[in-house]
Amino acid sequence: MEETGKMYRKVITLCYRKIIDARSPGRWEKLVFEDSYAEFLIQSQLYNPEKKYTRFSDMLQYAPGAEKLHFLVSASVINYVKPLNNRMPDITNNLGKSFLHFQHYFFEIINSDIRDRLVHSIAINFCSSPLIWHDTVGDYLLLSEKKDNTLEEVQTDILQLRPFLSIHSLQTEQYD
Amino acid sequence: MERKRFLKQGMAALGIAFVTPMTACKKNDATTDNSENGGTEGTGSETCAVAPTETEGPYPSKNPSAYVRSDITDGRSGYKLTVNITIGKVSNNCSPLEGAVVDVWHCDADGNYSEYSSGSTSLHFLRGRQTTDAGGLVTFTTIFPGWYQGRATHIHVHVFNASGTSLKVTQIAFPENSGSALLTVNGYNKGMKGYTYNAQDNVFADDTTGVEIATVTGNTTNGFSLVHNINVP
């Protein structure tokens with residue numbers, strides 16, 4: 001984009017909300033499911049000592065401090081996220097190759113129940129490092145890794161947006 | 001009547017011709033929108049996108065919670081503190097309880113706990129979990145806690161049995177006598193002005209026998225050592 005002699009480019013970050021529940025296939029997902037549920041059972045006792053509430057949603061509503069369970073239970077997935085080496089899971093370019101790196105992630109409990117593990121579901125939100133959004137080709141975003149040197153040839157990827165993947169931030173950046 | 005039937009059948013035929021493909025797309029969308037499907041797998045990629053051609057990553061192995069470590073410092077600055085907690089079982093004459101899971105957590109030198117900060121990866125500093133040995137002992141390496149408004153310096157402890165059932169939630173208090181570690185550390189940069197001493201603390205004030213107060217020795221050069229016993233039902 002050119003405006004009064006200045007060049008602009010769109011810098012975006014993408015966030016992928018990976019949801020894991022009792023039906024998620026895959027060993028990694030099953031381990032995350034089991035361990036996050038076990039940690040939920042452990043940590044929720046702090047806010048629900050008499051087991052008055054079985055559902056996480058009721059704890060959130062009636063047990064003061066229960067919102068901290070998102071953070072407290074997140075420790076159970078850290079050692080599963082680390083081996084990903086910041087590579088965004090599941091999201092591939094149109095060649096079917098993984099190409100995104102996440103800069104940060106955050107964990108959330110969607111639902112849980114101390115008496116019914118089938119209710120347990122969690123999400124890990126992976127947010128990418130900054131990307132240049134060059135153009136939109138059909139249903140695809142034409143993207144490249146953000147680099148300072150704007151003149152050199154860049155390697156691009158095309159990506160189709162899909163459910164649970166969103167443009168998380170947008171910044172229009174001026175460059176020379 | 002004939003015409004009506006024709007129209008009806010005609011519409012049905014059109015329905016098959018046009019609605020089915022749309023339904024197929026809808027079905028796909030609906031599948032992907034359903035969070036109960038596990039997100040990853042329940043996406044459009046199942047039917048619409050090119051299958052991943054990546055080499056599989058390393059086979060995932062079972063990993064312990066990030067709490068499971070003895071050194072819980074995580075780079076927090078402060079005077080080194082070794083915490084030795086023994087767990088006794090009241091129903092067994094207070095003899096050491098082996099295999100109990102002990103969680104501890106406390107604030108940093110400035111009085112802050114680890115928790116979610118907006119949009120960033122979670123930090124779990126100064127939080128740890130260990131399992132008691134045959135002597136009922138767990139040991140943590142950490143820093144001497146700071147303090148925050150309204151509370152005496154303390155360490156939180158949650159004791160579980162081996163299967164994770166809560167046995168006791170409690171807190172460890174610090175001695176406040178002249179020459180004590182607490183007064184030596186002097187609240188780090190804060191000093192002790194406005195400090196809540198144990199007698200005024202809303203948790204420790206009823207501890208008239210001092211059962212919640214640990215034994216703390218050491219100095220600022222070599223670090224401090226805390227020893228405490230907690231009896232559980």
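A residue counts as buried if 20 or more other C-beta atoms lie within 10 Å of its own, and as exposed if 12 or fewer do. Keep that cut-off in mind. Also keep in mind that this is a predicted model.

Let me start with two asparagines in chain B. B:Asn93 has 7 other C-beta atoms within 10 Å, so this residue is exposed. It sits in the loop between strand 1 (80-89) and strand 2 (95-96) of chain B. Its phi is near 65°, a positive value, and it is not a glycine. For context, most residues other than glycine have a negative phi.

The second one is B:Asn186. Its phi is also positive, about 55°, and again this is not a glycine. Where is B:Asn186 found? In the loop between helix 2 (181-185) and strand 8 (215-219) of chain B. Buried or exposed, then? B:Asn186 has 12 C-beta neighbours inside 10 Å, so it counts as exposed.

Now chain B as a whole. It has two helices and nine strands. From the N terminus, the order is α-β-β-β-β-β-β-β-α-β-β. Of its 233 residues, 31% count as buried. Take the contacts in chain B with a separation of 6 or more: 69% of them come from residues 24 or more positions apart.

Next, a sheet in chain B. This is an open sheet of four strands, in the order 4-3-6-7, with antiparallel pairing. Which strands stand at the edges? Strand 4 (127-131) and strand 7 (166-173) of chain B. Each has a single partner strand, so one side of each is left without a neighbour in the sheet. From one strand to the next, the twist averages 20°.

Go through the pairs. Strand 3 (residues 101-105) of chain B pairs with strand 4 of chain B over five bridges, antiparallel. To find the register, look at B:Val101, which stands opposite B:Thr131 in strand 4. Strand 4 of chain B is mostly covered, with four of its five residues buried. At the other end, strand 6 (residues 154-160) of chain B meets strand 7 of chain B through seven bridges, also antiparallel. There, B:Val159 has B:Lys168 of strand 7 as its bridge partner.

On to the core. The largest nonpolar core has 78 residues, and B:Val102 and B:Val157 touch the most other members. Which part of the structure gives this core its largest share? Helix 3 (residues 69-81) of chain A, with eight residues. Back to B:Val157 for a moment. Beyond four places in sequence, its contacts are B:Ile85, B:Val102, B:Val104, B:Thr170, B:Gln171, B:Ile172 and B:Ile230.

So, helix 3 of chain A. It has 13 residues and reaches 18 Å from first C-alpha to last, close to the 18 Å expected at 1.5 Å a residue. Yet there is a kink of about 45°, centred on A:Ala75. Of the 13 residues, 10 are buried, so helix 3 of chain A is largely enclosed by the rest of the structure. Among the buried ones are A:Leu69, A:Phe71, A:Leu72, A:Tyr80 and A:Val81. A:Ala75, at the kink centre, is buried too. What do the buried residues pack against? Helix 1 (27-44), strand 3 (102-111) and strand 4 (121-128), in chain A.

Helix 1 of chain A is itself mostly covered, with 13 of its 18 residues buried. At 1.5 Å a residue it should span 26 Å, and its end C-alpha atoms are 25 Å apart, which agrees.

Two single residues to finish. B:Phe224 is in strand 9 (residues 223-232) of chain B. It has 21 C-beta neighbours inside 10 Å and therefore counts as buried. Beyond four places in sequence, B:Phe224 touches B:Tyr79, B:Leu81, B:Phe144, B:Ala181, B:Val216, B:Thr217 and B:Gly218. B:Ile213 is 11 residues from B:Phe224 in sequence, and their C-alpha atoms are 15 Å apart.

The other is A:Glu145, in strand 6 (residues 140-145) of chain A. With 16 C-beta neighbours inside 10 Å, A:Glu145 counts as partly exposed. A:Thr156 is 11 residues away along the chain, and 7.7 Å separates the two C-alpha atoms.

How values were computed: Residues are numbered from 1 along each chain as its sequence is written. Chains are lettered from A and ligands numbered from 1 in the order in which they are written. This is a predicted model: local features need pLDDT of at least 70, side-chain atom pairs count only at pLDDT 80 or more; totals for chains, interfaces and linings use all residues. A nonpolar core is a set of buried Ala, Val, Leu, Ile, Met, Phe, Trp, Tyr and Cys residues joined through C-beta atoms within 7 Å. Two residues are in contact if their C-beta atoms, placed from the backbone, lie within 7 Å. The expected span of a helix is 1.5 Å times one less than its number of residues. The bend at a residue is the angle between axes fitted to the seven residues ending there and the seven starting there. Two strands pair if DSSP finds at least two bridges between them. Axes are lines fitted to C-alpha atoms, for helices over the stretch in contact, and angles run from 0 to 180 degrees between N-to-C directions.
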